[in-house]
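Reader: Hello! I am new to this structure and would love a close look at one chain and its surroundings. Could you walk me through it slowly, explaining the terms as you go?

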Amino acid sequence: MISTRVSARTAKRTRKIALNCLGVLVALVTLFPIFWMVATAFKPSQEIYSLTPSLLPAHPTLGNFRQVIGGQASGIGTVWLFFRNSLAVTLAAVLISSLVSLLASVAVARFSFRFRATFLIMLLIVQMIPGQALIIALFREFDQLNLLQNLLGLIIVYAAQALPVSIWMLRNFVATVPRELEEAAAIDGASAVKIFWRILLPLIAPGLVATSIFAFITAYNEFIVALTFLGQDHAAYTLPIYVTYFFGRGGAEWGPIMAASTMYTIPVVIFFLIIRRRLVGGLVAGAVKG
Amino acid sequence: MAETAVQLAGTEARVAGSRGAGQWGSFVRRHRIAPYLLLVPALVGIALVYFWPLVQMALYSFQNYGLPQVTGAEPVQWVGFGNFTATFADPEFWISLRITVIFAAVVVPVTLVAGTLVGLLLHRLGPKMSMFVSTAALLAWATPPVAGSVLFYWLFNPDGGLVDWTLSKLPHWLVGSTDWAGYNWTTTGALPAYTVLTVLVVWTSFPFIAVATLAGLKTVPAELYEAARIDGASPWRVFWRITYPLLKPIFLVLLLLSVIWDFNIFTQTYLLTGGLANRNEFNLGLYIYDKAFSFPPSYGLGGALAIIYTVILLVVTVGYVRSSVRQGALT
């Protein structure tokens, strides 16, 4: 009797150790590519091209980062220029898309109207259409509007592209605010605008933050539209196009490229860690009511 | 005197304005157009980047829109289904379609199985360990597609890349007799290039599946697992009898989303196959992009391809929309 209990306890402990080992293994394998990116960024070039690669930089250097910041490495300018472009485009796009999707989500969550279901299904469908299918027409359209090769064109496209997912996400947040709160305020004589600012907005603020960061990440990572729109206009490049240009230039120096990629990755990683709890909810929002 | 007049006019205008607002407000209420007004900005945006381009692509697909038409040297003519028949007659189209389908058919199940297993693992780990593993997964997920592609290009690079070096050190019975030192993964052909792409895409997309599975698992009552454990059910049986039936809606959505994402992959294929340099490594996205923007451009063929692409995706999307609607997502 006692011996079976002891062996059961040992079995449980063994299983726990095995699971933890598996967890460490999964984490290490997953982290390895990122580790390699950062490690390469800190290695001097003779270590990068050495015949026997070493795991950690033997003589860590900031030289690669210095080249990226100085602009010698890419030949088209300092990395800060492209950071500025990317931030300007994504922040403006996020601001516009948050505002527009907030209005639309109030419409679908608070009113019942004839084309409500049609509108929601339409959103689900359009977000599936890939950029490469529509890029020719988008390119022609923005060419005629004279919005190629400047950041305003990208802002408009990114803001609009973020709408379907943002509206779906925000709709759930608006729906969780009890109607009674608004009705009580209305009885007390508060105007619609005041109800919106004083009651609805503070309560859905967390949702708005999550949606905004989601839109930010999508716009910050966007590739095909920026690649097509910006062409040879180096000064307007966003970060992903800058890294692509740098990478495709021939005779690529891996140290500076990895330094640039690392710098490009850091902001998204921070945002992911901030919204980690809400990430899945937003993406599966269309399917699983949250 | 004149100033007063201006001021008066201003006041009148303001009064008229507020009266107008009142009338406007009652008009909005009477006809219940408030929701439509709120939707207008969103509809304008969606029309601008989705509807209008889609209509344009559909028009192009029936026109001979090529270089002479782009430069204005010749007028645009309607050519019926000419672009579609030309596309279906092009062997490169079928090769790119085959690559796209096979890639999705490999990556989707691998991602789903890996993601689900990690999700189950996360559920059984202690809080600290679970946090550690999910943070690692989050980092892979957060890596931007461009950074991930460049990074994997470097890992699999023939000159100094870590993978070739490691493979060349391993014994032949394990890794085959290929001379791995200096093996070029990205330009040798579609198979090695898409092997790298498979590793890359599974690496970036399994975390989402894992975290979504974990979120689903947390909704399953612990008593169910407790009961199964007392009955001595094996983990395999527990998964198929308890977890899978309860999480089936989530798995279905994850499956459909993965199919759509992996079918639409562009950034990673563009960067890892060397831009548009290797025609035998095109997937559907690269094939369309090449038709549209490589010299000589053909918007007609690009339009036909966009329509074919969209129709294929709509077939998949119908499943996604139906499963969403069935679960009451619209209410």
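Author: Happy to! Let's begin with chain A, which has 13 helices and zero strands; helices (H or I, at least four residues) and strands (E, at least two) are DSSP runs, numbered from the N terminus. Its pattern along the sequence is therefore written α-α-α-α-α-α-α-α-α-α-α-α-α. Please keep in mind that this is a predicted model: local features need pLDDT of at least 70, side-chain atom pairs count only at pLDDT 80 or more, and totals for chains, interfaces and linings use all residues. Residues are numbered from 1 along each chain as its sequence is written, while chains are lettered from A and ligands numbered from 1 in the order in which they are written.

How confident is the predictor here? The pLDDT (its confidence in each residue, from 0 to 100) averages 86 over chain A, and 92% of the residues score at least 70. Over residues 285–290 of chain A, though, the pLDDT is below 50, and this stretch has 21 contacts in the model beyond near neighbours in sequence. Two residues are in contact if their C-beta atoms, placed from the backbone, lie within 7 Å.

Now for the overall form. The radius of gyration of chain A is 25 Å, where a compact globule of 290 residues would have one near 19 Å. That radius is taken over C-alpha atoms, and the globule rule is 2.2 Å times the number of residues to the power 0.38. Taken along the principal axes, the C-alpha atoms of chain A fill a box of roughly 80 × 75 × 35 Å. Of the 290 residues in chain A, 46% are buried; a residue is buried if 20 or more other C-beta atoms lie within 10 Å of its own, exposed if 12 or fewer, and partly exposed in between, with C-beta atoms placed from the backbone. Among contacts in chain A between residues at least 6 apart in sequence, 75% join residues at least 24 apart.

Chain A is assigned domain 1 (2–66) and domain 2 (69–283), and such bounds come from an automatic or database domain assignment. The centres of the two domains of chain A, taken over C-alpha atoms, are 34 Å apart. Where they meet, ten residues of domain 1 of chain A are in contact with ten residues of domain 2 of chain A. On the domain 1 side, H1, helix H2 (45–48) and helix H3 (63–70) of chain A each supply at least two residues, and H1(A) gives the most, with four residues. By class, that side has five nonpolar, three polar and two charged residues. Here Ala, Val, Leu, Ile, Met, Phe, Trp, Tyr, Cys and Pro count as nonpolar, Asp, Glu, Lys and Arg as charged, and the others, Gly among them, as polar.

Next comes the meeting with chain B. The contact takes 78 residues from chain A and 78 residues from chain B. The elements of chain A that give two or more residues to its side include helix H1 (2–41), helix H4 (79–110) and helix H7 (151–176). The largest share of that side, 13 residues, comes from H1(A). The residues on the chain A side divide into 60 nonpolar, 14 polar and four charged.

The largest nonpolar core has 171 residues, and those with the most contacts inside it are A:Ala93, A:Val243 and B:Val150. Such a core is a set of buried Ala, Val, Leu, Ile, Met, Phe, Trp, Tyr and Cys residues joined through C-beta atoms within 7 Å. Helix H10 (residues 190–217) of chain B gives the most to this core, with 16 residues, and at least three residues come from each of the two domains of chain A. Leaving aside neighbours within four places in sequence, A:Val243 is in contact with A:Ala260, A:Ser261 and A:Tyr264, and also with B:Val146, B:Ala147 and B:Val150.

Finally, a glance at the partner: chain B has 15 helices and zero strands. The radius of gyration of chain B is 28 Å, well over the 20 Å that the globule rule gives for 331 residues, so chain B is more spread out than a compact globule. Buried residues make up 40% of the 331 residues in chain B.

How values were computed
pLDDT = per-residue confidence, 0-100.
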